[in-house]
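User: Please zoom in on one buried spot in this structure and build outward from there. Keep it brisk, and explain the reasoning as you go.

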Amino acid sequence: MNDSDYISIASLNQYSYCAHRCWRMSCAGEFTDNQYTIEGTSLHDRVHTMGEINRDETWQVRAIWLKSERYKLIGKSDLIESADGEIYPVEYKRGRKGEWDNDELQVCAQALCLEEMTGKTIATGYVYYAQSHQRQLVDISEGLRQEAIATITAIQFLLQTGTMPRPNYSKRCQGCSLYQQCLPQAAEKVLRYQEAN
């Protein structure tokens, strides 16, 4: 990775969910579809129909590229809305609100790009969960911003060094499309075996 390289906005979501998964996708170039990734791709294919419309007092534009020179981020938005003088990103996800904040980090990264592109402060964003048909408000707080910036730095380091983070088995592994490549429980057993010797 050099200074002209950008990281994808979606990689913040991947890294926050599992640093080992992010390494497999970004450094090793591995990706395998499963039921969840196929459903997510199908949702994004529908959402990414380019265009802009006005709905009541809200202007909407879909599938536009976002970029930040400052943070070296790039990615395609699902939806950007503007209402009452405010502009905000809306990220679409296939499931329902989970236990982790990885979706919020992705929205925050989009807000950082929008701020740089528009010169406006972005105070909020949303995650739309297709399974529940609900929008979840994301407060683009100073704490979330700092977490996003720290995640960006960690991903940049990961890409620069190529160092593979150790897999850690957790509940998150159950729906991961890369579970068979990773086998985190086997990695833990090998580590315990090595420590016992």
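Analyst: Start with Gln110. Its relative accessibility is 1%, and so Gln110 counts as buried. The cut-off for buried is under 20%. Keep in mind that this is a predicted model. Gln110 sits in helix H4. What does Gln110 touch, once residues up to four places away in sequence are set aside? The partners are Ile9, Leu66, Pro89, Val90 and Glu91. Take Val90 from that list. Gln110 and Val90 are 20 residues apart along the chain, and 9.0 Å separates their C-alpha atoms.

Now look at the core. The largest nonpolar core holds 26 residues. Leu12, Leu73, Ile140 and Ile152 have the most contacts inside it. Which elements give two or more residues to this core? They are H4, strand S8 (124-129) and H5. H4, the helix that holds Gln110, gives the most, with eight residues. A second core lies apart from this one. That core has seven residues, including Val90, Tyr88, Tyr92 and Tyr128. Val90 is also one of the residues that Gln110 touches. There is a general trend behind such clusters. In soluble globular proteins, nonpolar side chains tend to be buried together.

Leu73 deserves its own stop. Beyond its neighbours within four places in sequence, Leu73 contacts Tyr6, Ile7, Ser8, Ile9, Leu12, Leu66, Lys67, Ser68, Ala109, Cys113 and Ile152. Leu66 and Ile9 appear there, and Gln110 touches both of them too. Leu73 also has a place in a sheet: Leu73 lies in S5, and Ile7 stands opposite. S1 and S5 pair in the parallel sense over two bridges. The sheet is open and has three strands, in the order S1-S5-S4, with mixed pairing. Which strands stand at the edges? They are S1 and S4. Each has a single partner strand, so one side of each has no neighbour in the sheet.

Just before Leu73 comes Lys72, in the loop between S4 and S5. Lys72 is not a glycine, yet its phi is positive, about 60 degrees. Ala63 is another such residue, with a positive phi of about 55 degrees. Ala63 belongs to the loop between S3 and strand S4 (65-68). At 2% relative accessibility, Ala63 counts as buried. Why mention the sign of phi at all? Most residues other than glycine have a negative phi.

Next comes H5, one of the elements that give two or more residues to the core. Helix H5 spans residues 142-161, which makes 20 residues. From first C-alpha to last, H5 reaches 29 Å, close to the 28 Å expected at 1.5 Å a residue. Its buried residues are Leu144, Arg145, Ala148, Thr151, Ile152, Ile155, Gln156 and Leu158. They cover an arc of only 160 degrees around the axis, so they lie on the same side of H5. On the other side, Glu142, Phe157 and Gln160 are exposed. What do the buried residues of H5 pack against? Helix H4 (102-118) is one of the partners. The others are strand S1 (7-8), helix H1 (10-17), helix H2 (19-26), strand S5 (73-76) and strand S9 (134-139).

Thr151 gives a close-up of that buried side. Its relative accessibility is 9%, so Thr151 counts as buried. Leaving out residues up to four places away in sequence, Thr151 touches Leu12, Tyr15 and Leu105. Leu12 is among the residues with the most contacts in the largest core. After H5 comes Gly162, with a positive phi near 70 degrees.

Finally, step back. The protein chain has seven helices and nine strands. Of its 197 residues, 39% are buried. Among contacts with a separation of 6 or more, 62% join residues 24 or more positions apart. The accessible surface comes to about 10,900 Å², and 50% of it belongs to carbon and sulfur atoms.

Definitions and conventions
Residues numbered from 1 in each chain as written. Predicted model: local features only at pLDDT ≥ 70, side-chain atom pairs only at ≥ 80, totals over all residues. Heavy atoms only, no water. Helix = DSSP H or I, 4+ residues; strand = E, 2+ residues; numbered from the N terminus. Expected span 1.5 Å × (residues − 1). Buried < 20%, exposed > 50% of the residue type's maximum accessible area, 1.4 Å probe, protein only. Arc of directions from axis to C-beta. Contact = heavy atoms within 4.5 Å. Core = buried A, V, L, I, M, F, W, Y, C linked by side-chain atoms within 4.5 Å. Areas by Shrake-Rupley, 256 points an atom, 1.4 Å probe, with all protein chains shown as cover. Pairing = 2+ DSSP bridges.
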